[in-house]
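Here's a small set of exercises to work through with the model open beside you. Try each task before you read its solution.

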Amino acid sequence: MAEKERKDGYSTIRVPQEFATEIDKLIGKHGFTSRAEIVKEAVRQFLQKYDPHLSMINHNNNGVKIRDIKLNQVADIQITPKGIYCPVCDASNCEHIRFTLMQSDIINIIKKREKKTEI
Ligand SMILES: [Zn+2]
């Protein structure tokens, strides 16, 4: 893979044509609309696996504590019926939240809660 730095916050990475062909097959599936989205998701999962700087400390019905050793902080992710929120990033979509939503325990809690609100 060759890489070129750009000043707009993006880097151009070249992949073999056979990868591009396989990536293109996923466009329009699983909510992906572009090559860039698919590659971003793939790399994000890869980095999480090989650079696990986030870990779940504990969780209760109102939220999840995620330790971030890069920031040396604990993100107190709040899960409410209105949505999910990270006070460290002041955001509802950040790496702490994406990490939170990858934990099977948390997915189960959210699913249970959604069932309760349906009743
Ligand atoms: Zn965050």
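**Exercise 1. Work out how E4 and E5 are joined, and what the turn between them looks like.**

Start with the ladder: E4 and E5 run antiparallel, joined by six bridges. Keep in mind that this is a predicted model. Next, pick out individual rungs. Lysine 65 has aspartate 76 in E5 as its bridge partner, and valine 64 is matched with isoleucine 77 in E5. Finally, look at the connection: the two strands make a hairpin with four residues between them. In that turn, asparagine 72 has a positive phi of about 55 degrees.

**Exercise 2. Find the order of the strands in the open sheet, and say which strands sit at its edges.**

Four strands are involved, and reading across gives E3-E4-E5-E6, with antiparallel pairing. The edges are strand E3 (54-60) and strand E6 (83-85), since each of these pairs on one side only. Going from one strand to the next, the twist averages 20 degrees. As a reminder, strands of a sheet pair through backbone hydrogen bonds, either parallel or antiparallel.

**Exercise 3. Take the edge strands in turn and describe how each is attached to its neighbour.**

Begin with E3. E3 pairs with E4 in the antiparallel sense over six bridges, and the two form a hairpin with two residues between them. For landmarks, use histidine 59, which stands opposite valine 64 in E4, and serine 55, which stands opposite arginine 67 in E4.

Now go to the other edge. E5 and E6 are paired over three bridges, again antiparallel. Here threonine 80 has glycine 83 in E6 as its bridge partner. This pair is a hairpin too, with two residues between the strands.

**Exercise 4. Which residues make up the largest nonpolar core, and which element gives the most to it?**

List the members: Val64, Ile66, Ala75, Ile77, Ile79, Ile84, Cys86, Ile97 and Phe99, nine residues in total. Then assign them to elements. Strand E4 (63-68), strand E5 (73-80) and helix H3 (95-100) each supply at least two residues. E5 comes out on top, with three residues.

To see how the core is knit together, zoom in on isoleucine 97. Leaving out residues up to four places away in sequence, isoleucine 97 touches Ile77, Ile84, Cys86 and Ser92. Valine 64 is worth another look as well: this core member faces histidine 59 across one ladder and isoleucine 77 across the other.

**Exercise 5. Check whether the length of helix H2 makes sense, then ask how well H2 is covered.**

Helix H2 (residues 35-50) has 16 residues, and at 1.5 Å a residue these should span 22 Å. The end C-alpha atoms are 22 Å apart, so the two values agree. As for cover, there's hardly any: the count of buried residues among the 16 is zero.

**Exercise 6. Is helix H1 largely in the open or covered, and what follows it?**

Count the buried residues of helix H1 (residues 17-26). The number is zero out of 10, so the helix lies largely in the open. After H1 comes glycine 28, with a positive phi near 95 degrees.

**Exercise 7. Give the domain bounds and the separation of the domain centres.**

According to the domain assignment, the protein chain has domain 1 (3-50) and domain 2 (54-118). Taken over C-alpha atoms, the centres of domain 1 and domain 2 are 25 Å apart.

Note on methods:
Residues are numbered from 1 along each chain as its sequence is written. This is a predicted model: local features need pLDDT of at least 70, side-chain atom pairs count only at pLDDT 80 or more; totals for chains, interfaces and linings use all residues. A nonpolar core is a set of buried Ala, Val, Leu, Ile, Met, Phe, Trp, Tyr and Cys residues joined through C-beta atoms within 7 Å. A residue is buried if 20 or more other C-beta atoms lie within 10 Å of its own, exposed if 12 or fewer, and partly exposed in between; C-beta atoms are placed from the backbone. Two residues are in contact if their C-beta atoms, placed from the backbone, lie within 7 Å. The expected span of a helix is 1.5 Å times one less than its number of residues. Domain bounds come from an automatic or database domain assignment. Two strands pair if DSSP finds at least two bridges between them. Axes are lines fitted to C-alpha atoms, for helices over the stretch in contact, and angles run from 0 to 180 degrees between N-to-C directions.
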